[in-house]
Amino acid sequence: MAIADDSTGESPQVDRDHVQSLERGIAVLLAFDEEHPEPTLAELAQITGFSRPAVRRFLITLERMGYVRGSGGRWSLTPRVLAIGQHYTASHALIELAQPHLLRLAEETHESASLATLDGDEVVYVARVPVRRIMSINVSVGTRVPAHATSMGRVLLAWAPVPVVDSVLNRRPLRPITPRTVTDPSALRAELARVRADGWSIVDEELELGLLSASAPVRDRTGQVVAALASSTSAGRSSRGELERNVVPLLVETAERITADLGRR
């Protein structure tokens, strides 16, 4: 049986409800990143693994929709792609409700405050109030970091369904990001049990040397953990003990306020 062209998504090997062409078009869109802000067609083909003719068709379609533009053999995103994130923010009450609480937490701690959700084996920042630049990476809404090495990830995994935890911890070897990163699945499971018992998490220099962060769970009206609230600082300004004594109570209280607001909404 013949396989359909890769731009149609009609391959019999693919589930009938799966639109492969849409998946590949989004993959092309996601190939634009900090390392490839203005890639050529050939570079996009190499990044995605698609043929050049297929990539060209996706680019032309995205250009007609206003999401990319081409000039001098290079392609770049347009401001229209920001509308996708705006639609997400506008359609999620959690982000709207959490923003004033993040501002208050940042004012009280004089440190950055963030809200994140779990997406696969990564944590995605969905709201943030920066106070200082404390990480070498530029953290903003949409930034993704490994769940196993972050306090937010451990909070989200601590109350996640068992299959989700198994997928994150067992799917592939966990990457040691710093010399202090815990990568042993058994040790991480024990840590998740402690997080559930304590109701919060602290991670000390596992994502980046010199970075400390604490997180607490935010729940919806059913009691399900839907986000993690975090406060981050540097080892030069605080210690794990100081973070636990001075910040964790504020963090837990703020997370409970957001949870209460979600319940009323």
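## R240, cores, salt bridges and voids

R240 counts as partly exposed, at 38% relative accessibility. The model discussed here is predicted. R240 belongs to helix α9. Its contacts, leaving aside neighbours within four places in sequence, are I202, D204 and L212. The C-alpha atoms of R240 and V203 are separated by 8.4 Å, although the two residues are 37 apart along the chain.

### Overall make-up

The chain has 265 residues, and buried residues make up 44% of them. It holds 9 helices and 8 strands. Take the contacts between residues at least 6 apart in sequence: 56% of these join residues at least 24 apart.

### Nonpolar cores

Which residues touch the most other members of the largest nonpolar core? They are L94, L102, L115, V218 and L229, in a core of 27 residues. Six elements give two or more residues each to this core. The helices are α5 (93-109) and α9 (240-264). The strands are β3 (112-119), β4 (122-129), β7 (211-219) and β8 (225-234).

L94 shows how these parts come together. Not counting residues up to four places away in sequence, L94 touches L115, V218, V226, A227, I258 and L262. Another core lies apart from the largest one. This other core has 24 residues, including V195, L207, L211 and V225.

### Salt bridges

Side chains of opposite charge can pair when their charged atoms come close. How many salt bridges does a search of the whole structure find? The search finds 13. Three of them are set out here.

| Pair | N to O distance | Location |
|---|---|---|
| R104 and E108 | 3.3 Å | both in helix α5 |
| E122 and R144 | 2.7 Å | strand β4 and strand β5 |
| D204 and R180 | 3.7 Å | strand β6 and the loop between α7 and α8 |

R104 and E108 sit 4 residues apart, about one turn of helix α5. R104 is partly exposed at 39% relative accessibility. E108 is also partly exposed, with a relative accessible area of 35%.

The bridge between E122 and R144 links distant parts of the chain, 22 residues apart. Strand β5, which holds R144, covers residues 144-146. E122 is partly exposed at 26% relative accessibility. R144 counts as partly exposed as well, with a relative accessible area of 40%.

Is D204 buried or exposed? D204 is buried, because its relative accessible area of 16% falls under the 20% cut-off. Its partner R180 is partly exposed, at 42% relative accessibility. D204 lies in strand β6 (residues 201-204), while R180 lies in the loop between α7 (162-170) and α8 (185-198), so the bridge ties together parts that are 24 residues apart in sequence. D204 also appears among the contacts of R240.

Shared partners matter elsewhere. Salt bridges join D119, E122 and R144 into one network.

### Cavity and pocket

Rolling a probe the size of a water molecule over the atoms shows where empty space is left. The count comes to 1 cavity of 30 Å³ or more. The largest cavity contains about 90 Å³ of space.

Which residues lie nearest the centre of the largest cavity? Y125, T150, L207, L211 and S213 do, out of 16 lining residues. L207 and L211 are also members of the core of 24 residues. Helix α6 (151-158), β7 and β8 each supply at least two residues of the cavity lining. By class, that lining has 9 nonpolar, 5 polar and 2 charged residues.

The second largest pocket has a volume of about 210 Å³. Its lining includes D121, E122, R144, V145, P146 and H148. V168, R172, P173, L174 and R175 also line this pocket. What gives the most to the lining of the second largest pocket? Strand β5 does, with 3 residues. The pocket lining divides into 5 nonpolar, 1 polar and 5 charged residues.

E122 and R144 connect two of these topics. Both line the second largest pocket, and they form a salt bridge with each other.

How values were computed: Residues numbered from 1 in each chain as written. Predicted model: local features only at pLDDT ≥ 70, side-chain atom pairs only at ≥ 80, totals over all residues. Heavy atoms only, no water. Core = buried A, V, L, I, M, F, W, Y, C linked by side-chain atoms within 4.5 Å. Buried < 20%, exposed > 50% of the residue type's maximum accessible area, 1.4 Å probe, protein only. Contact = heavy atoms within 4.5 Å. Salt bridge = Lys/Arg side-chain N within 4 Å of Asp/Glu carboxyl O. 1 Å grid on protein atoms, 1.4 Å probe; cavity = no way out; pocket = protein on both sides within 12 Å on 5 of 7 lines; lining within 4 Å. Points joined across faces, edges and corners; volume = space filled by probe spheres on them. Nonpolar A, V, L, I, M, F, W, Y, C, P; charged D, E, K, R; others polar.
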